[in-house]
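Q: Could you take me through one part of this model in some detail? I'd like the charged pairs and whatever sits around them.

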Amino acid sequence: MAEFSAAVLAMMKQRAAVVKERLASLGPRDWQPRWDISGKNAIVDPGREIVSRLLPRWDFAQKFIAGGKINPKYVDGPIFFEALEHWWDGPDGKRRREWCPQTFGDTEACPIHEAWEELRASKSADDKKAASEIRPSETFLFNALMGPGGQRAVAEGGMIDIRYLPAPGTIFLAIINIMTGGEEESFAYGDISDVREGFDIKLSRPAAQGDRWKVAVMPKATPLFVEGQKPAFAKWWERLIDLPAMVEKEMKPYEDLYRAFHGSEPPGGTQRGPVTAASESTGGNEEGTAPDNDPFGDLGGIDMPPAEAASSAPVRTSAPAPAPRRPARR
């Protein structure tokens, strides 16, 4: 058997130790599964459609406190998180995607963003074309299930399969218009992610490249799940993905992004620290108002948080406020 020299062997062991330490620091859930809308793992084939259910905000459990009461300190927010990402073709011809640090503020340093700005300022047509290919793209992230009521997709182990759905601008606008009514508020469906009176949506993938996705809402409100799938939904809210925290964990440091995009080390030993913003979850521990009788009967309690107390306030149909930006690093 051929052997390595002592120097090469030591180098490989040292590098392996670094990689092992880094993988251990990432943790098992740092890379969340997603519902892809394109590519080989797309949720639906071109020209076909699929039923989906958007889920409540990632800090939904914070809405409730022990004793089955509503948390009076809970601050509600949009059910989506807006992120920026970059796409480009790697040396092997495969498409690459990375989160852009400017998701958390336009003063965050991103080497791909820097390359985009430099290329689009060029007078060269080729440079401008290259700039358009790596431009930061907005994507709106939702927690989502696939499949109609009673037939929601389950993951390995038999529990409900909760993943995040990255929605481009066209799908996002269609969803928001369904909830708000668009220019005519009387057509608003309100919060379609409501666990008791929410609405499934139908996503239709275009048959031809260049066409747009279509989004339709089911005409009748339905609960999140039915009796037959109750076991798969046990404590489902504990598996909601904290979307801002997920993006923060998956986002690579400046140096790694530079290497991935340029294929070389950043000049001058440039150093950038990691994004350090905390999750947006809110909550409190004071007792709130006792909920009304749960219309779900034995579907309530442990498998469905308690219903909110009835309110005389009108249903909000205006567009949800954008997710707050995180402070930039200094």
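A: Here is a walk through the salt bridges, with a stop at a histidine and two cysteines along the way.

Bear in mind that this is a predicted model. As a backdrop, the protein chain has 6 helices and 9 strands. Of its 330 residues, 42% count as buried. Take the contacts between residues at least 6 apart in sequence: 70% of them join residues at least 24 apart. The chain exposes about 18,700 Å², with carbon and sulfur atoms supplying 52% of that area.

Now for the charges. Side chains of opposite charge can pair when their charged atoms come close. Searching the whole structure turns up 12 salt bridges. Let's start with the one between R97 and E85, where the closest N and O atoms are 3.4 Å apart. This pair links strand β5 (residues 95-99), home of R97, to strand β4 (residues 80-89), home of E85, and the two partners are 12 residues apart. E85 counts as buried because its relative accessibility is 6%, under the 20% cut-off.

Next comes E98, which meets K252 in a salt bridge at 2.9 Å, N to O. Here the partners are 154 residues apart: E98 belongs to strand β5, while K252 is in the loop between α5 (243-250) and α6 (254-262). How exposed or buried are the two ends? K252 is partly exposed, with a relative accessible area of 24%, whereas E98 is buried at 6% relative accessibility.

Strand β4 also holds H86. With 0% relative accessibility, H86 counts as buried. Its side chain reaches the backbone oxygen of I134 at 2.8 Å. Leaving aside neighbours within four places in sequence, H86 is in contact with R97 and E98, each of which you've already met as a salt-bridge partner. The same list for H86 includes R96, I112, H113, R135 and P136, along with I134 itself. Two cysteines, C100 and C110, are on it as well.

Those cysteines are worth a look of their own. The structure holds 0 disulfides. For C100, the nearest cysteine sulfur is that of C110, 3.8 Å away. Looking from the other side, C110 has the sulfur of C100 as its nearest. Why isn't that pair a disulfide? The sulfur atoms would have to be within 2.5 Å, and these are 3.8 Å apart. Both residues are buried, C100 at 0% relative accessibility and C110 at 1%.

The last stop is a salt bridge elsewhere in the chain. R152 pairs with D200, and their closest N and O atoms are 3.1 Å apart. R152 lies in the loop between β6 (137-146) and β7 (163-167), and D200 in the loop between α4 (169-180) and β8 (201-204), so the bridge ties together parts that are 48 residues apart in sequence. Both partners are buried: R152 has a relative accessible area of 2%, and D200 has 6%. The pair doesn't stand alone either, as R53, R152 and D200 are linked in a network of salt bridges.

Conventions. Residues are numbered from 1 along each chain as its sequence is written. This is a predicted model: local features need pLDDT of at least 70, side-chain atom pairs count only at pLDDT 80 or more; totals for chains, interfaces and linings use all residues. Side-chain values use heavy atoms; hydrogens and water are left out. Helices (H or I, at least four residues) and strands (E, at least two) are DSSP runs, numbered from the N terminus. Buried means under 20% relative accessible area, exposed over 50%, partly exposed in between (1.4 Å probe, protein chains only). Contact means heavy atoms within 4.5 Å. Accessible areas come from the Shrake-Rupley method with a 1.4 Å probe; for residues, only the protein chains shown count as cover. A salt bridge is a side-chain nitrogen of Lys or Arg within 4 Å of a carboxyl oxygen of Asp or Glu. A polar contact is a pair of N or O atoms within 3.5 Å; within protein, one must be able to donate a hydrogen and the other to accept it, and residues adjacent in sequence count only if both atoms are side-chain atoms.
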